[in-house]
Amino acid sequence: MTEQEIYANLSSKFGDKIFEFMEEGTLNPTIVVEAGAIAKIVLYLKDDEKFQFDSLMNLAGHDADVESDFSVIYHLFSTELKHYITLKVFTSRDEPKTASIANIHRTADWHEREAFDLYGIIFEGHPDLKRILMEDDWEGYPLRKDYVPAEFYRGMRIEKVK
Amino acid sequence: MGALNHKFNENILITSLDKLLNWSRSGSEWYFQFGLACCAIEMMSAAAARHDLERFGAMPRSSPRQADVMIVAGTVTLKMATRVKRLYEQMAEPKYVISMGSCANSGGPYWQHGYHVLKGVDQIIPVDIYIPGCPPRPEALLEGLMHLQKKMREEPVLAKKEN
């Protein structure tokens, strides 16, 4: 099934929860959807006979610049039908929040923890949302564009070169 | 004509105990392998058949309590740095540290933007030998170990150190 067909199908099924279809300027054709509806959409894509997206290849957080919204990108693949689709949700910078899909795709568990760790995006409904790479007492979210490293961490100097 | 005559003809050497101990110490540099990044691959290859660190009595250990020298091979992140320090403290005296590669020496490529990297392992533990390179070739590690042997041989073990 082509990406356009998937987009058309999702649009008719979920209506205004599906925002736009991006084909130019992106590496993979991408469907932008509403953050609150992502779990429902991913579950539908997984269970429906026509799609059978049974594999979440990747889930990544993204911060484009200091004023933009954060986004989360989902790369889905169907091992049965061998087709791909990329989903994307935007979430506000002040209150970054989206629904967790960890109970739909187990892959998402650690990937969502990574996005939480580095961007501070809250995945509601995640079974164990805590830092995965940085130490638990780390302050701030290092991959945010407006992140400023602290001067010290546990007495060790994090040197800044000007 | 005692009973011991002609029994040890050519087997007696006269030396100081310090020298004897240092000779044996420098011939058995058991190293605590701290492979943290790509330098670990070079360390492994130095230990394997072609370069064969065991020629020098250097043998990898996975416990700090059995090791004489810690080879910090790779990028020391701040998260790992706390562990490096604790494991160094668990090693028995006399203990030595080899800092292998640019990352362990100074942060290497993470010098400027590495928010998570310790800029040199010498900020938390004393380092005896620095090996430059990114990563250093096994020959460089061998030379570092031989410099350490030299350092061991010159150190007093039993005699009091002059301050």
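**View 1. Phe53(A) is buried in this predicted model, with a relative accessible area of 0%.** The value falls under the 20% cut-off, so Phe53(A) counts as buried. Phe53(A) sits in a loop of chain A, between helix 2 (38-47) and strand 3 (55-63). Its contacts beyond four places in sequence include Ile6(A), Leu45(A) and Lys46(A). Leu76(A), Phe77(A) and Ser78(A) are also among them. So are His83(A), Tyr84(A), Ile85(A) and His105(A). Tyr84(A) lies 31 residues from Phe53(A) along the chain, and their C-alpha atoms are 8.0 Å apart.

**View 2. Chain A meets chain B.** Chain A brings 17 residues to the contact, and chain B brings 14 residues. About 1,300 Å² is buried between chain A and chain B. Carbon and sulfur atoms give 63% of that area. One salt bridge is found across this interface. It joins the side chains of Glu135(A) and Arg83(B), at 2.8 Å from N to O. On the side of chain A that touches chain B, 13 residues are nonpolar, four are charged and none is polar. Between the two chains, two residue pairs are in polar contact, both at pLDDT 80 or more.

**View 3. The largest nonpolar core holds 59 residues.** Which residues touch the most other members of this core? They are Tyr74(A) and Met70(B). Helix 2 of chain A supplies the largest share of the core, five residues. Around Met70(B), contacts beyond four places in sequence include Phe32(B), Phe34(B), Val84(B) and Leu87(B). Tyr88(B), Met91(B) and Tyr96(B) are further contacts of Met70(B). Val97(B), Ile98(B) and Ile125(B) complete the list for Met70(B). A second, separate core has 19 residues, including Leu53(B), Leu145(B), Leu148(B) and Met152(B).

**View 4. Asp122(B) is partly exposed, with a relative accessible area of 35%.** Partly exposed covers the range between the 20% and 50% cut-offs, so Asp122(B), at 35%, belongs there. Where in chain B is Asp122(B) found? Asp122(B) is in the loop between helix 4 (101-106) and strand 5 (129-131). Leaving out residues up to four places away in sequence, Asp122(B) touches Asn105(B), Val127(B) and Tyr130(B). Glu89(B) is 33 residues from Asp122(B) in sequence. In space, Asp122(B) and Glu89(B) are 14 Å apart, C-alpha to C-alpha.

Note on methods. Residues are numbered from 1 along each chain as its sequence is written. Chains are lettered from A and ligands numbered from 1 in the order in which they are written. This is a predicted model: local features need pLDDT of at least 70, side-chain atom pairs count only at pLDDT 80 or more; totals for chains, interfaces and linings use all residues. Side-chain values use heavy atoms; hydrogens and water are left out. Contact means heavy atoms within 4.5 Å. Buried area is the accessible area (1.4 Å probe) that two parts lose on being put together, summed over both. A salt bridge is a side-chain nitrogen of Lys or Arg within 4 Å of a carboxyl oxygen of Asp or Glu. A polar contact is a pair of N or O atoms within 3.5 Å; within protein, one must be able to donate a hydrogen and the other to accept it, and residues adjacent in sequence count only if both atoms are side-chain atoms. Ala, Val, Leu, Ile, Met, Phe, Trp, Tyr, Cys and Pro count as nonpolar, Asp, Glu, Lys and Arg as charged, and the others, Gly among them, as polar. Helices (H or I, at least four residues) and strands (E, at least two) are DSSP runs, numbered from the N terminus. Buried means under 20% relative accessible area, exposed over 50%, partly exposed in between (1.4 Å probe, protein chains only). A nonpolar core is a set of buried Ala, Val, Leu, Ile, Met, Phe, Trp, Tyr and Cys residues joined through side-chain atoms within 4.5 Å.
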